[in-house]
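Please load the model in your viewer and keep the selection panel open, since this tour moves from one selection to the next. At each stop there is something to select and then something to look for.

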Amino acid sequence: MSAKYEERRSRIASSFGAAADYDAHSELQREIARQLAELIERYPLPCGDEPPRIMEIGCGTGHLSELLARRWPAAFMMLTDLSPSMLERCQARLAGLQGERRFTVMDGEAPIALPGSFDLIASSMTFQWFESLKGSVERLLTLLKPGGLLAFATPGAETFPEWREAHRALGLTPGALPFPSEAELLALSPEAEVSCELARLLHRDTREFLRSLKAVGAATPRPGYSQLPVSSLRALMRHLDARMPEGVCATWQILFVSLRTALRKEP
């Protein structure tokens with residue numbers, strides 16, 4: 001990995017590590033984890049009646065981790081995150097639950113595991129940080145057993161249209177990540193299945209919207225983005241507040257993706 005890549009990964013880890021009040025501001029992330037867990041339960045895993053082996057990418061404080069641990073109390077779970085402090089908080093959340101777990105600081109784009117190790121790899125609201133989504137998905141699929149499931153949730157390309165439109169109106173370039181479209185996710189694999197949900201969160205004003213992103217560690221801009229001058233940022237905030245005087249709406253497009261690996265053919 002290049003020095004620039006490593007520096008960005010360090011910034012992302014620090015941003016999430018600094019999100020001390022994450023759980024108090026992550027109602028949406030908690031709901032997305034719940035929906036993703038429901039999606040996962042629709043698919044049979046190759047382990048059959050045996051306890052599954054599960055890897056979670058970007059476990060954060062454990063919204064999805066807890067749901068999976070309660071669904072499969074005897075499972076082996078490898079819980080990973082870029083941020084050591086997030087892993088510590090996830091470990092504390094799961095401390096009273098049954099099961100064998102390993103907590104590992106790991107970059108999901110460079111997974112540490114043997115091929116064919118897992119029945120399920122899951123991730124909620126993490127894959128948007130990958131610089132190469134297709135390559136990362138291909139690597140993760142190799143870690144699944146035949147018939148294994150990769151399931152993840154990510155913001156889609158239609159996220160934050162209000163914020164993007166405000167930038168266009170002032171001739172500015174937004175720093176939001178280039179979230180994938182449904183078509184891009186379907187192109188990951190012939191086996192890919194994608195569903196979409198929209199969530200609209202109302203904030204008192206633009207300042208509160210920006211603070212909400214920082215509170216959940218999501219304020220790191222896309223690679224190569226130069227921060228707006230203070231004067232431009234203030235003009236942007238005034239513009240959006242004027243357009244939405246009763247409260248700034250932030251629309252999230254959440255895409256849920258599932259991919260299965262091929263079953264091994266009998267000789």
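A crossing of two helices is called right-handed if the near helix is turned clockwise from the far one by less than a right angle, and left-handed if it is turned anticlockwise. Keep in mind throughout that this is a predicted model.

**First stop: α3 and α4**

Select residues 27-41, which form helix α3, together with residues 63-71, which form helix α4; the two pack at an angle of about 35°, with their axes 8 Å apart. In the sense just given, α3 passes α4 in a right-handed crossing. To see what joins the two helices, show the side chains of Gln29, Arg30, Ala33, Arg34, Leu36, Ala37, Ile40 and Glu41 on the α3 side, and those of His63, Leu64, Leu67, Leu68 and Arg71 on the α4 side, where the two sets meet. Coloured by class, this contact of α3 with α4 has seven nonpolar, two polar and four charged residues.

**Second stop: α9 and α10**

Now select residues 206-215 for helix α9 and residues 230-243 for helix α10, whose axes come within 9 Å and cross at roughly 115°. Because of that angle, α9 counts as roughly perpendicular to α10. From α9, Thr206, Arg207 and Leu210 meet Leu233, Met237, Leu240 and Asp241 of α10. The classes in this contact of α9 with α10 are four nonpolar, one polar and two charged residues.

**Third stop: α7 against α10**

Keep α10 on display and add α7, residues 161-169. The pair packs at an angle of about 120°, with the axes 10 Å apart, and that makes α7 oblique to α10. The crossing of α7 and α10 is right-handed. In the contact, Glu162, Trp163, Glu165, Ala166, His167 and Ala169 of α7 meet Leu236, His239, Leu240 and Arg243 of α10. This contact of α7 with α10 has five nonpolar, two polar and three charged residues.

**Fourth stop: the largest cavity**

Which residues line the largest cavity? Select Phe160, Glu162, Trp163, Phe209, Leu240, Val248, Cys249 and Ala250 to display its lining. Leu240 also belongs to the α10 side of the contact with α9 and of the contact with α7, while Glu162 and Trp163 appeared on the α7 side at the previous stop. Both α7 and the strand β7, residues 248-260, supply at least two residues of this lining, and the largest share, three residues, comes from β7. The space inside is about 40 Å³, and the count of cavities of 30 Å³ or more comes to one. By class, the lining has seven nonpolar, no polar and one charged residues.

**Last stop: the second largest pocket**

Finally, select Gln128, Phe130, Glu131, Leu133 and Pro178, which lie nearest the centre of the second largest pocket and are among the 16 residues that line it. The volume of this second largest pocket is about 300 Å³. Its lining has ten nonpolar, two polar and four charged residues.

How values were computed:
Residues are numbered from 1 along each chain as its sequence is written. This is a predicted model: local features need pLDDT of at least 70, side-chain atom pairs count only at pLDDT 80 or more; totals for chains, interfaces and linings use all residues. Side-chain values use heavy atoms; hydrogens and water are left out. Axes are lines fitted to C-alpha atoms, for helices over the stretch in contact, and angles run from 0 to 180 degrees between N-to-C directions. Helices (H or I, at least four residues) and strands (E, at least two) are DSSP runs, numbered from the N terminus. Angles under 35 degrees count as roughly parallel, over 145 as roughly antiparallel, 65 to 115 as roughly perpendicular and the rest as oblique. Contact means heavy atoms within 4.5 Å. Ala, Val, Leu, Ile, Met, Phe, Trp, Tyr, Cys and Pro count as nonpolar, Asp, Glu, Lys and Arg as charged, and the others, Gly among them, as polar. On a 1 Å grid over the protein atoms alone, a cavity is a set of points where a 1.4 Å probe fits but cannot get out, and a pocket is an open set with protein on both sides within 12 Å along at least five of seven lines; lining residues have an atom within 4 Å of a point. Grid points are joined across faces, edges and corners, and a volume is the space filled by probe spheres set on the points.
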